[in-house]
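Me: I have a model to go through with you, and I would like the reasoning behind each label. Could you take me through it step by step?

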Number of protein chains: 2
Amino acid sequence: MNGKIFIIEDEPSIIQLVQHNLEKNGFLVSSSLNGNDGLKELKKFQPDLLLLDWMLPDLSGIEICKNIRKDNNFKNLPVIMLTAKGEEEDKIKGLDSGVDDYLTKPFSFNELMARIKAVLRRSNPNTVSDNLKFDDLMLDRIEKRVFRDGQEIKLGPTEFRLLEFFLTNPKRVYSRDQILESVWPNNVNVESRTIDVHIRRLRQSVNLKNKKELIRTVRSSGYSLI
Amino acid sequence: MNGKIFIIEDEPSIIQLVQHNLEKNGFLVSSSLNGNDGLKELKKFQPDLLLLDWMLPDLSGIEICKNIRKDNNFKNLPVIMLTAKGEEEDKIKGLDSGVDDYLTKPFSFNELMARIKAVLRRSNPNTVSDNLKFDDLMLDRIEKRVFRDGQEIKLGPTEFRLLEFFLTNPKRVYSRDQILESVWPNNVNVESRTIDVHIRRLRQSVNLKNKKELIRTVRSSGYSLI
DNA sequence: TTTAAATGTTACAATTTTGTTACAAATTAA
DNA sequence: TTAATTTGTAACAAAATTGTAACATTTAAA
């Protein structure tokens, strides 16, 4: 799965067209026909990106966007605004209210797709499906497989998520807290030392014999790839 | 200062207009008139965002962008493409090559500004690699690494914090009390002489053989870089 | 020059941090 | 269900870091 996209748009034909095409491209899609419903559904659906119509029967897209930005859970939710208005003034208003990109109807699906990818690549590298590479290591997010120097490495689920996390920003040093935040589900509580054990397991799997160490320990700070 | 923006654009009038307005808005701006110069300057300037013209005398904007994405240092550099071509196909090509946003000439400065803000808002919290530099010394806060003259120097945690502290205001002389306040955790109590020992350790690490002394002792006052 | 204060240097024990292993509980597959 | 895998934590080992004392050297003032 590529990522979850929510659509708030009052024209069913557009929803149908976009939803159908997005699903063909591996996205999970849900939608609402008006602003108030949309805001409710949003919380349930927890999307990775929101497509938002400018003109809606109840709330305007701008109002919804401002609303969303106030909610801590959606502060960083990428939003692409869809609208029939092409006037420059409106674009500025939209971008200033926290919208990430802006698309004028009528638009081609290809352009929408390209913009979605661009926004997702920036905001949530995890949801854009491509392979992560670093040095002689390759992680395939789609097939959930990892290779080093062409040879496949078997990883447990946590080891995989851990490596995936490091690969989104190799070389960057992450504290144990940051690792916990990003690699473990939001509600679980695990000791910070647990990470050390998983690092050890990951190292054991990844450091095929006579290969150089890939994981760097930064004393009193955390870990990074190297 | 708001951030650093680099412009690669072959039309001087546009550079002048954009640069002037950006500077009025608190940005630090530099530019090149062609692709090859631009790629070189980029490394020196280390911008937070790149404005890139589609058509250039030597390389195309697309080529430059792909080039940049291959360079580990600029993998995450936000890019906004400027172009006279408004055709949809081109937009798709641009966004797919790793561009973050796209602006068709002629554009108003206000719209450009709004898009810059939108892109920076999204990209900056992620990975702004802020490096501290002084003389031939470079400290990377993200990767927690220090280089002198290109060669890596291994530092212990306290040595690192100490150097980081000095680098935020090189040349300024800090008293031992000030150093304690800023470099040690708020509650610990250590002898002021302890600092001397850490200074000694830092000196030993940083003064690679036959390199000139970097840390100056200011008798009865404290220490500083020099 | 002599003296006192400030800083440099070294060694080392105590502490902190990380590595490693084993194992029981939890989860998943068969 | 049973068997296999995965997971979190405790316990101990190993390693790195830290603070301080003790002594050496430099500096500035008398």
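Reply: Gladly! Let me start with a cut-off: a disulfide is a pair of cysteine sulfur atoms within 2.5 Å. Keep in mind that this is a predicted model. By that rule, the count over all chains comes to 0 disulfides.

Me: What makes Cys65(A) count as buried or exposed?

Reply: Buried means under 20% relative accessible area. Cys65(A) has a relative accessible area of 0%, so Cys65(A) is buried. Cys65(B) also has 0% relative accessibility and therefore counts as buried.

Me: And how do you know whether Leu51(A) is buried or exposed?

Reply: The relative accessible area of Leu51(A) is 0%, so Leu51(A) is buried. This residue lies in strand β3 of chain A, which covers residues 49-53. Leu51(A) and Ile15(A) are 36 residues apart in sequence, with 10.0 Å between their C-alpha atoms.

Me: What about Ser220(B): why is this residue called buried or exposed?

Reply: Exposed means over 50% relative accessible area. Ser220(B) has 77%, so the label is exposed. Ser220(B) sits in the loop between β10 (215-218) and β11 (222-225) of chain B. Its phi is positive, about 70°, although Ser220(B) is not a glycine.

Me: Which phi does Asp135(A) have, and where is this residue placed?

Reply: Asp135(A) has a positive phi of about 55° and is not a glycine either. Its place is the loop between β6 (131-134) and β7 (137-140) of chain A.

Me: Why is Asp196(B) called buried or exposed?

Reply: The value for Asp196(B) is 16%, and buried means under 20%, so Asp196(B) is buried. Asp196(B) belongs to helix α8 of chain B.

Me: What makes the pair Asp196(B) and Tyr223(B) a polar contact?

Reply: A polar contact needs a pair of N or O atoms within 3.5 Å, and within protein one must be able to donate a hydrogen and the other to accept it. The side chains of Asp196(B) and Tyr223(B) make such a contact at 3.5 Å.

Me: Let's turn to the DNA. How many residues surround DNA strand C, and which are the closest?

Reply: There are 24 residues around DNA strand C, and the closest are Arg200(A), Ser220(A), Tyr223(A), Arg200(B) and Ser220(B). Of the atoms of DNA strand C that come within 4 Å of the protein, sugar and phosphate account for 57%.

Me: What makes Ser220(A), Tyr223(A) and Thr217(B) partners of phosphate oxygens of DNA strand C?

Reply: The cut-off is again 3.5 Å between N or O atoms. For Ser220(A), a polar backbone atom is 2.6 Å from a phosphate oxygen of DNA strand C. For Tyr223(A), an N or O atom in the side chain is 2.6 Å from a phosphate oxygen of this strand. A polar side-chain atom of Thr217(B) lies 2.7 Å from a phosphate oxygen of DNA strand C. Two or more residues of the surface near DNA strand C come from each of α8 and β10 of chain A and α8 and β10 of chain B. By class, that surface divides into 6 nonpolar, 4 polar and 14 charged residues.

Me: And which residues come nearest to DNA strand D?

Reply: Of the 22 residues around DNA strand D, the nearest are Thr158(A), Arg201(A), Thr158(B), His198(B) and Arg201(B). Sugar or phosphate make up 65% of the atoms of DNA strand D within 4 Å of the protein, and the rest belong to bases. By class, the surface near DNA strand D has 8 nonpolar, 8 polar and 6 charged residues.

Me: How do you know that Trp184(A), Thr194(A) and His198(A) reach phosphate oxygens of DNA strand D?

Reply: Set each distance against the 3.5 Å cut-off. A side-chain N or O atom of Trp184(A) is 3.0 Å from a phosphate oxygen of DNA strand D. The corresponding distance for Thr194(A) is 2.7 Å, and a polar side-chain atom of His198(A) lies 2.8 Å from a phosphate oxygen of the strand.

Me: Last one: what lines the second largest pocket?

Reply: The lining has 18 residues, and Val218(A), Arg219(A), Lys144(B), Leu155(B) and Phe160(B) lie nearest the pocket's centre. α6(B) gives the most to this lining, with 4 residues.

Notes
Residues numbered from 1 in each chain as written. Chains lettered and ligands numbered in written order. Predicted model: local features only at pLDDT ≥ 70, side-chain atom pairs only at ≥ 80, totals over all residues. Heavy atoms only, no water. Buried < 20%, exposed > 50% of the residue type's maximum accessible area, 1.4 Å probe, protein only. Near = heavy atom within 4 Å. Nonpolar A, V, L, I, M, F, W, Y, C, P; charged D, E, K, R; others polar. 1 Å grid on protein atoms, 1.4 Å probe; cavity = no way out; pocket = protein on both sides within 12 Å on 5 of 7 lines; lining within 4 Å.
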